[in-house]
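This briefing covers one protein chain and the two ligands modelled with it. The notes after the structure are grouped by topic.

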Amino acid sequence: MTQTAFITGATSGFGKACAEMFAEKGWNLVLSGRRTDRLEDLQESLTSVAVHTIQCDVRDRTKVEEIVKNLPSSHEDIDLLVNNAGLALGLKPAQDADLDDWDVMVDTNIKGLMYMTHALLPKMVSRGKGHIINMGSIAGSWPYPGGNAYGATKAFVEQFSNNLRADLHGTGIRVSNVEPGLAESEFSVVRFHGDRQKADAVYEGTQPLTPKDIAEIVFWLADRPSHVNINRLEVMPVCQSWAPFAIDRKA
Ligand code: NDP
Ligand code: 8X3
């Protein structure tokens with residue numbers, strides 16, 4: 001029986017790589033994002049499976065509810081939701097950060113993920129089948145300067161994932177949180193508001209994770225036998241690890 005995955009943020013980076021990976025493995029797909037040209041390109045390139053694309057801003061609660069309610073019959077049984085749409089904006093210390101950036105991160109990474117989950121869960125529960133894979137981050141567990149609101153949104157994703165598991169006990173629905181570290185995508189271009197030079201500098205001299213690395217992990221999680229739930233999976237490139245605690249020493 002062909003399975004169907006709903007991947008948010010499929011127009012770039014991890015989401016696009018997941019779309020390609022799941023298509024290669026024969027899954028039918030619902031792909032969403034805001035950029036219609038990218039969705040059209042995906043629709044054209046992924047010809048081996050049934051692909052349904054939806055232009056949707058996950059911050060729009062009414063729209064999210066509407067698109068889920070109006071899924072075509074060919075794609076209405078969602079076996080996997082990859083809650084991937086998200087972003088970081090800014091890397092300034094909290095005292096200098098732009099409050100609008102914080103609003104967008106909270107609205108997308110927290111509220112958008114909640115809206116998608118809330119819209120799709122009832123059907124999964126009634127079918128007694130489903131898997132939600134949330135895209136967290138190492139920033140949800142480990143603080144770093146400038147991570148402020150972004151890291152906090154990903155900490156929400158981690159705890160929300162755990163609490164979903166508690167609520168879904170006995171339903172057969174699986175929930176996993178993937179927590180990647182440094183990975184090259186459009187993430188840093190977005191974080192630095194389009195400043196490509198600043199974005200490139202993030203990866204200079206490193207071998208970061210690739211979107212394909214993450215897609216392989218997401219597929220592996222989904223492909224475990226149905227009695228196996230990976231709760232959280234943290235992954236960094238080898239070139240990344242932790243720094244010592246910062247200590248302010250007065251002379
Ligand atoms: P990209 O910027 O390459 O992709 C982000 C995707 O999210 C795009 O498809 C974008 O689509 C979509 N998106 C952003 N805002 C919205 C919105 N309001 N509504 C709908 N879709 C939206 O970054 P990544 O692939 O790297 O990021 C994917 C996820 O992985 C994010 O949640 C990010 O926080 C997380 N992550 C990234 C890491 C990294 O180092 N790259 C590490 C750890 C986690 P569009 O603009 O078309 O709407
Ligand atoms: C993205 C990874 O380290 O830039 O979530 O926050 S990091």
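In this predicted model, Asp79 has a relative accessible area of 7%, which is under the 20% limit, so the residue counts as buried. Asp79 belongs to the loop that runs between α3 (61-69) and β4 (80-83). The points below begin with the surroundings of Asp79 and continue with the two ligands, helix α7 and the chain as a whole.

**Surroundings of Asp79**

- The side chain of Asp79 makes a polar contact with the backbone of Thr4, reaching its nitrogen at 2.8 Å.
- When neighbours within four places in sequence are set aside, the contacts of Asp79 are Thr2, Gln3, Thr4, Trp27, Met124, Arg127, Lys129, Gly130 and His131.
- Thr4 therefore appears both in that contact list and as the partner of the 2.8 Å polar contact, since heavy atoms within 4.5 Å are in contact.

**Ligand 1**

- The shell around ligand 1 consists of 29 residues, and the closest of them are Thr11, Ser12, Arg34, Tyr150 and Ser185.
- By class, this shell holds 11 nonpolar, 12 polar and six charged residues.
- One polar contact involves the side chain of Arg35, in which an N or O atom lies 2.9 Å from an oxygen atom of ligand 1.
- The backbone also takes part: a polar backbone atom of Asn84 is 2.9 Å from an oxygen atom of ligand 1, and a backbone N or O atom of Glu186 is 3.1 Å from an oxygen atom of the ligand.
- Ligand 1 would expose 880 Å² if taken alone, and the protein buries 96% of that area.
- Two or more residues of the shell come from each of the elements α1 (13-24), α5 (148-167) and α6 (187-191).

**Ligand 2**

- The residues around ligand 2 are Ser137, Ile138, Ala139, Tyr144, Tyr150, Phe187 and Arg191.
- Tyr150 is listed around ligand 2 and is also among the closest residues to ligand 1.
- These residues divide by class into five nonpolar, one polar and one charged.
- Polar side-chain atoms approach oxygen atoms of ligand 2 from Ser137 at 2.5 Å, from Tyr144 at 2.5 Å and from Tyr150 at 2.6 Å.
- On its own, ligand 2 has 240 Å² of accessible area, of which the protein covers 83%.

**Helix α7**

- The N-terminal end of helix α7 (residues 196-203) is capped by Asp195, with a side-chain oxygen 3.2 Å from the backbone nitrogen of Gln197.
- Gly205, which follows α7, has a positive phi near 70 degrees.

**The chain as a whole**

- Eight helices and seven strands form the secondary structure of the chain.
- The chain is as compact as a globular protein of its length, because its radius of gyration of 18 Å is close to the 18 Å that the globule rule gives for 251 residues.
- The C-alpha trace spans about 70 × 40 × 35 Å along its principal axes.
- Of the 251 residues in the chain, 47% are buried.
- Among contacts with a separation of 6 or more, 69% are between residues 24 or more positions apart.
- The chain has an accessible surface of about 13100 Å², and carbon and sulfur atoms contribute 51% of it.

How values were computed:
Residues are numbered from 1 along each chain as its sequence is written. Chains are lettered from A and ligands numbered from 1 in the order in which they are written. This is a predicted model: local features need pLDDT of at least 70, side-chain atom pairs count only at pLDDT 80 or more; totals for chains, interfaces and linings use all residues. Side-chain values use heavy atoms; hydrogens and water are left out. A residue is near a molecule or strand if one of its heavy atoms lies within 4 Å of it. A polar contact is a pair of N or O atoms within 3.5 Å; within protein, one must be able to donate a hydrogen and the other to accept it, and residues adjacent in sequence count only if both atoms are side-chain atoms. Accessible areas come from the Shrake-Rupley method with a 1.4 Å probe; for residues, only the protein chains shown count as cover. Helices (H or I, at least four residues) and strands (E, at least two) are DSSP runs, numbered from the N terminus. Ala, Val, Leu, Ile, Met, Phe, Trp, Tyr, Cys and Pro count as nonpolar, Asp, Glu, Lys and Arg as charged, and the others, Gly among them, as polar. The radius of gyration is taken over C-alpha atoms; the globule rule is 2.2 Å times the number of residues to the power 0.38. Buried means under 20% relative accessible area, exposed over 50%, partly exposed in between (1.4 Å probe, protein chains only).
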